[in-house]
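Notebook open, viewer running. Here I jot down what I looked up, one entry at a time.

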Amino acid sequence: MNILVLNASPKGKNSTTVHTALYLQALHPEHTFVFLPVGQRIKACEKDFSPVRTALEQADLVLFCYPVYTFIAPYQLHRLIELIKADGVDLSGKFASQITTSKHFYDVTAHRYVEENCFDLGMKVIRGLSADMEDLLSAQGQKEAQDFFDQLMFSCAHGPFITPPVKAPAREKTVYQPVLSQGPKTTAKDVVIVTNCAPNDQNLANMIADFRAALPYESRIVNLRDFPFAGGCLGCFGCAITGACVYKDGFDQFLRETIQTADGFVYAFTISDHYTHSSFKCFDDRQFCNGHRTVTHGTPIAYLISGDYQYESNLRMIVEGRVEVGGNYLAGVATDEGDTTADIKSLAENLAFAMEKKLTRPANFYGVGGMKIFRDLIYVMQGLMKADHKFYKQHGIYDFPQKQKKHILQMKLVGALMAVPSVQKQAKGKMTQAIVGPYQKVVEQAKKT
């Protein structure tokens, strides 16, 4: 079988991820492996796509190989997918799968993003391999890689393939017309609208205009298409200690002084390729100059999204997960799918209320699970990620349960007592009351205030 490995890591041959594919190549000389370092050469692909087109046409199986960056794939792979679709190369009927490495921080959303785009291209999609960054160094990790490849070859011959998601039904899309009039504004809060609105995207531009009209505060727009990005994140960890990016395009200062100073964030984009235009993903990835630090914790966030958002379940998970992990308050999402004017007006009111009241809510699984992964990662790598380590210590993120010795001891004592038959008899029916007692005190105290 002709297997095309699209190495989308910006590190090229020094990618940890691509070594899993190289390992599989070494084990299976009966197959032809072709490696293309598209992540490292994305600028060259933009100038001349023909080498990629030829390799895609000759492949039986396309294997996307990439590290997981900020909930999805790196900017370089987003851009490649745009180029593949724009070129129009016919990939229908070809097999597709993927290999990723990460610490399993939202690897599921990254895989679904690639799968969805492969379905758009008419490919037969087979479940990929999501490995830990260090898996290939262990016997178990090597076995799992071999098992993945055996299953991959079997599925190419017999199936099964991943079931495509439900596509949005065709709907008449008219340009939204702004109808809300400008109300009185105050400068008491700073709201920044971060967008990648294209010059010809009148629909999104009008949604933004109405939102600004409904918002009781002055707002400002930052269009990412205007920023001179020198490139996507290189994953070089050059910023791990100093917080300064190796690029000299000024993004660090732009991010920290133009965007992160705001009291409220609004992200506005049009859905494209199951996320949005790659300029937004470049912005996502380059924020790694902040490391894994939730530097905007507590700042409310709102979204203005044009497109079939209700049919993009993976995108909805990314939107919620990003807010949860960042410790932000999600004021809501307004789309152009229903009563757009009412939704936009409501969103502006909700964001204003969240900023005024400094609203918070406890993190759900998306936030708790994501931060526990980072907590453990930074603790182990504190010698390299010094700024992250300092931040995690200062903000109490190192909440390891094994260090809660007093609570553990209390539970051991309770467990020992409950093992005594006479104590079990006395406690029968009283455990629930003992547990709920402190909560009842909180309620009674609230009645007095």
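These are my entries on strands, helices and two unusual backbone spots.

**Entry 1: the model.** I remind myself that this is a predicted model.

**Entry 2: a pair of strands.** I started with strand β1, residues 2-7, and asked which way it runs beside strand β2, residues 32-36: parallel or antiparallel? The two pair in the parallel sense, and I found five bridges between them. To see one of these for myself, I picked V5, whose bridge partner in β2 is F35. Then I traced how the chain gets across: it leaves β1, passes through helix α1 (residues 18-27) and arrives at β2. This β-α-β crossover is right-handed.

**Entry 3: α1 against α6.** Next I looked at where α1 packs on helix α6, which covers residues 139-158. Their axes are 10 Å apart, and the angle is about 70°. I count α1 as roughly perpendicular to α6, because angles of 65 to 115 degrees go by that name. The crossing of these two helices is right-handed. Which residues of α1 make the contact? They are T20, Y23, L24 and L27, and from α6 come Q142, A145, Q146, F148 and F149. Sorted by class, the contact of α1 with α6 has six nonpolar and three polar residues, with no charged ones.

**Entry 4: α4 against α5.** I went on to a second helix pair, α4 and α5, the latter spanning residues 107-120. Here the angle is about 5°, and the axes are 11 Å apart. Angles under 35 degrees count as roughly parallel, so α4 and α5 are roughly parallel to each other. On the α4 side I noted L77, H78, I81 and K85, which meet Y113, V114, N117 and D120 of α5. By class, this contact of α4 with α5 has four nonpolar, two polar and two charged residues.

**Entry 5: backbone oddities.** I first wrote down the usual rule: most residues other than glycine have a negative phi, and most peptide bonds are trans. Then I looked for exceptions. What is the sign of phi at T70, positive or negative? T70 is not a glycine, yet its phi is positive, at about 40°. I found T70 in the loop between β3 (61-67) and α4 (75-87). My other exception is the peptide bond from G159 to P160, which is cis, with omega near 0°. P160 sits in the loop between α6 and β7 (186-195).

Conventions:
Residues numbered from 1 in each chain as written. Predicted model: local features only at pLDDT ≥ 70, side-chain atom pairs only at ≥ 80, totals over all residues. Heavy atoms only, no water. Pairing = 2+ DSSP bridges. Helix = DSSP H or I, 4+ residues; strand = E, 2+ residues; numbered from the N terminus. Right-handed = clockwise from strand over helix to strand, strands pointing away. Axes fitted to C-alpha atoms, helices over the stretch in contact; angles between N-to-C directions. Parallel < 35°, antiparallel > 145°, perpendicular 65-115°, else oblique. Left-handed = near helix turned anticlockwise from the far one by under 90°. Contact = heavy atoms within 4.5 Å. Nonpolar A, V, L, I, M, F, W, Y, C, P; charged D, E, K, R; others polar.
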